[in-house]
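Here is a short briefing on one protein chain. Please keep the sequence and the 3D view open while reading.

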Amino acid sequence: KGDALFAKKMPREARLAYEEALALDAGNPTAHFGLARMSRPSPETIKDVQEVLDAHPKLSAGWLLLGYLLVGDGNSAEAEQAFEKALALRPNDIRSSVALFELALVKRDASGARKRLDKLKGIAPGAPRTSVARAQLFFLEGQLLEARAAAQDALKYAPDDPVALRTAAQMEFELSNYAMAARLLQQLVAADPDQADGRSLLASALLNLGQIEDAEKAIAPLLVPESSDARALRIAAEISIAQKNPAKAQDLLRRVIKADPLNPEPRVALSRLLARQRNVQQALAELQEAAAKTPNSAVPDLEMVSLHLAARQPDQALAAAKRAQQKDARNPAVELALGTIHLGRGEEAEARQRFEASLALDGAYLPALQRLAQMDVAKGNVSDARSRYRKVLDTNPRNESVAAALLDLMVQSGASPSEIHAFLADAVRGNPVSARLHLLRIDRLMKYG
């Protein structure tokens with residue numbers, strides 16, 4: 001009865017049914033598992049499930065549940081052991097294989113995920129969930145087009161499957177196809193209005209489309225007064241900023257900080273909002289608090305660099321950049337910050353060296369490419385500036401941001417219409433799914449023929 005009520009999304013009634021079952025049989029595994037499934041992951045819940053499994057070690061569903069609870073509690077090593085036990089008890093159970101695959105994704109272990117995917121293919125080669133797993137692995141490996149194709153394969157066979165819909169929508173979102181992402185997510189949310197993750201992504205897609213009122217309606221059900229959904233609150237803050245309501249955005253960002261105190265990003269967002277309102281001291285105080293809460297993160301220090309540079313405080317900016325370098329020397333943004341400070345002081349050789357160092361860490365890092373291209377143009381070396389962008393596109397023709405930056409440079413540096421048309425035609429051929437590049441090409445054709 002409890003399981004049936006839970007499946008009907010009647011949690012209160014399900015909980016009562018499970019408690020009634022335990023009153024009749026204190027050791028009933030199904031009732032214990034049902035209550036654990038409805039609880040937040042915690043040491044107490046994990047201990048309860050473990051005690052049941054000590055008495056009933058051959059319950060595959062129990063090991064699977066324990067694994068998910070351990071993941072939620074941040075213990076991935078023990079979670080993997082629990083999933084392995086579930087799989088050993090039921091070798092052809094797709095759920096255990098999927099759980100182990102997803103755990104590898106969380107750890108960003110592409111090699112481990114591929115091994116788990118091979119196992120999943122052996123169990124259920126044509127299952128939609130297998131196609132979803134393929135999409136997720138392609139996404140982890142940065143192969144967005146292949147990820148999109150795999151997600152669409154899953155939808156062909158299971159057009160209403162929530163996991164397939166969510167994955168396909170994520171791929172469209174990552175490819176900046178926000179309209180298609182929104183359509184898929186509207187289908188998902190219509191079938192399951194309580195789908196918090198899908199609803200949040202829907203609001204983001206609508207916001208990117210400029211449909212601010214629709215985005216606000218999409219996120220509204222997640223914003224109950226006691227909500228601690230950091231992602232939903234963050235999106236709601238972005239909507240408030242778009243609505244030019246900074247007071248509401250500040251309130252929402254402070255709720256995000258309360259819900260996720262060890263994440264520096266919400267404080268950085270709040271700092272930027274305060275800085276735009278010319279409240280520089282309070283903005284700086286938020287960044288200092290973020291740095292104190294997350295001492296190993298370079299994010300607050302990098303933001304302090306921008307804040308100090310805007311206030312014409314180069315010495316303080318340099319000190320912040322050096323703190324960031326101590327924390328994250330492999331971050332291309334750190335070298336970019338140091339280069340920007342040198343450039344502001346007129347130290348062009350040192351600035352160029354730092355920008356090149358930034359590209360050595362990430363050859364496609366657009367801000368560093370742009371700084372170096374600007375320096376090339378300033379010295380009259382337009383061909384060198386263009387070559388920087390082309391080198392990246394030769395390696396990855398799907399990098400639409402670099403393609404757009406090269407287009408801007410070509411326009412600003414007086415490239416002929418025929419050169420620009422030829423470049424855009426090549427860019428679209430290299431990245432045929434980029435709506436941005438198609439629109440740029442259409443815009444040029446409409447203006448200049």
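The points below go from the whole chain to one helix, one loop residue and one surface patch.

This is a predicted model. The protein has 27 helices and zero strands. Of its 449 residues, 44% count as buried.

**Overall build**
- The C-alpha trace spans about 85 × 50 × 40 Å along its principal axes.
- About 23,100 Å² of the protein is exposed, and carbon and sulfur atoms supply 52% of that area.
- Take the contacts between residues at least 6 apart in sequence: 44% of these join residues at least 24 apart.

**Helix α23**
- Helix α23 covers residues 366-378, which is 13 residues.
- Does its length fall in line with expectation or out of line with it? At 1.5 Å a residue, α23 should span 18 Å, and its end C-alpha atoms lie 18 Å apart, so the two agree.
- Buried positions in α23 are Leu366, Ala368, Leu369, Leu372, Ala373, Met375 and Asp376.
- An α-helix has 3.6 residues a turn, so residues three or four places apart point the same way.
- Which helices help cover the buried residues of α23? Among them are α21 (332-344), α22 (348-361), α24 (382-395) and α25 (400-412).
- After α23 comes glycine 380, with a positive phi near 85°.

**Asparagine 431**
- Asparagine 431 sits in the loop between α26 (417-430) and α27 (435-448).
- Is asparagine 431 buried or exposed? Its relative accessibility is 5%, so asparagine 431 counts as buried, the cut-off being under 20%.
- A polar atom of the asparagine 431 side chain lies 2.9 Å from the backbone oxygen of arginine 398.
- Leaving aside residues up to four places away in sequence, asparagine 431 touches Pro397, Arg398, Glu400 and Leu437.
- Arg398 thus appears both in that contact list and as the owner of the backbone oxygen at 2.9 Å.

**Surface patch with leucine 439**
- Leucine 439 belongs to helix α27.
- Leucine 439 is exposed because its relative accessible area, 58%, is over the 50% cut-off.
- Which residues form a nonpolar surface patch with Leu439? They are Ile442 and Met446.
- Together, Leu439, Ile442 and Met446 have about 360 Å² of accessible area.

Terms used: Residues numbered from 1 in each chain as written. Predicted model: local features only at pLDDT ≥ 70, side-chain atom pairs only at ≥ 80, totals over all residues. Heavy atoms only, no water. Helix = DSSP H or I, 4+ residues; strand = E, 2+ residues; numbered from the N terminus. Expected span 1.5 Å × (residues − 1). Buried < 20%, exposed > 50% of the residue type's maximum accessible area, 1.4 Å probe, protein only. Contact = heavy atoms within 4.5 Å. Polar contact = N/O pair within 3.5 Å; in protein donor to acceptor, adjacent residues only side chain to side chain. Patch = residues over 30% accessible without salt bridge, like charges linked within 9 Å, V, L, I, M, F, W, Y side chains within 5 Å. Areas by Shrake-Rupley, 256 points an atom, 1.4 Å probe, with all protein chains shown as cover. Salt bridge = Lys/Arg side-chain N within 4 Å of Asp/Glu carboxyl O.
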